[in-house]
Amino acid sequence: VTFHQTGMDLWNVPAGLSMQSAFSLTRLPNTVQFKSNWFNSPSSCFEMFGNIYDDNIYFNATFHSGIVIPFGCDISYMFMRLRIFNQTLPNLSTTAGRISYVAVLAYCSAYAQPLPASWIAPTTVQNIVSYYFLFNDCVLFDQDLGSTFVGSAANNMTNMFSGATSYTNGGSNSIESWDTSNVNDFTNALL
């Protein structure tokens, strides 16, 4: 399905509505921009643009800098398998509460952008419990994630960078300061 809307400024998604798989496998070129007022506290962003089973080689839409993914919105698999996607991610609410980064960018082989400050802020990462498959197969990704990107809440880093063949943390040694004290699964984390 090719989506021809050039701006999402007329959308007003009601608070609490699930956006699960809403744009999964949809062709969204970089001429489509999600504006700041269309995103009104959805209950789930699970697989919103990505897809667990099928690659999407058409999605490269942009996000207005004013978009904030609200606290409590499940972002698992949100951008998974968007093979040409290389745009700045929407911001995250940094409100306290347990969330996960499960496969958010897995198989996004063209993704090379720095994560927004809200994704790596200590107030956000102190609540991240899982980094499972986060950058799996992001072959171009090589950004410094900072010294606090993994915090004490983390318990799963399985395949976090598996297949991310360019990853060197942007040449920084800040990864040495990550708090992995409660991680119980490192399977292929850096393979």
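Trainee: Which residues does arginine 81 touch, leaving out those up to four places away in sequence?
Mentor: In this predicted model, arginine 81 contacts Asn51, Ile52, Tyr53, Asp54, Asp55 and Asn56, and also Ala106, Tyr107 and Cys108.

Trainee: Where does arginine 81 lie?
Mentor: In the loop between β3 (68–69) and β4 (91–92).

Trainee: Buried or exposed?
Mentor: Arginine 81 counts as buried, because its relative accessibility is 16% and the cut-off for buried is under 20%.

Trainee: And isoleucine 57, where is that?
Mentor: Isoleucine 57 is in the loop between β1 (33–34) and β2 (62–63). Its relative accessible area is 49%, so it is classed as partly exposed.

Trainee: Which residues form a nonpolar patch on the surface with it?
Mentor: Tyr58 and Ile84. Together with Ile57 they have about 270 Å² of accessible area.

Trainee: Now the interior. How many residues are in the largest nonpolar core?
Mentor: There are 45. Phe79, Tyr101, Leu105, Tyr131, Phe135 and Phe149 have the most contacts inside that core.

Trainee: What else is there apart from it?
Mentor: Another core, of eight residues, lies apart from the largest one; Phe46, Met80, Val102 and Phe133 are among its members.

Trainee: Back to phenylalanine 149. What does it touch?
Mentor: Not counting residues up to four places away in sequence, its contacts include Tyr101, Leu115, Trp119, Tyr131, Phe135, Met160 and Trp178.

Trainee: Last topic, confidence. What pLDDT does the protein average?
Mentor: The average is 82, and 78% of the residues score at least 70.

Trainee: Which elements have the lowest and highest mean pLDDT?
Mentor: β1 has the lowest, at 66, and helix α1 (residues 117–120) the highest, at 90.

How values were computed. Residues numbered from 1 in each chain as written. Predicted model: local features only at pLDDT ≥ 70, side-chain atom pairs only at ≥ 80, totals over all residues. Heavy atoms only, no water. Patch = residues over 30% accessible without salt bridge, like charges linked within 9 Å, V, L, I, M, F, W, Y side chains within 5 Å. Areas by Shrake-Rupley, 256 points an atom, 1.4 Å probe, with all protein chains shown as cover. Salt bridge = Lys/Arg side-chain N within 4 Å of Asp/Glu carboxyl O. Helix = DSSP H or I, 4+ residues; strand = E, 2+ residues; numbered from the N terminus. Buried < 20%, exposed > 50% of the residue type's maximum accessible area, 1.4 Å probe, protein only. Contact = heavy atoms within 4.5 Å. Core = buried A, V, L, I, M, F, W, Y, C linked by side-chain atoms within 4.5 Å. pLDDT = per-residue confidence, 0-100.
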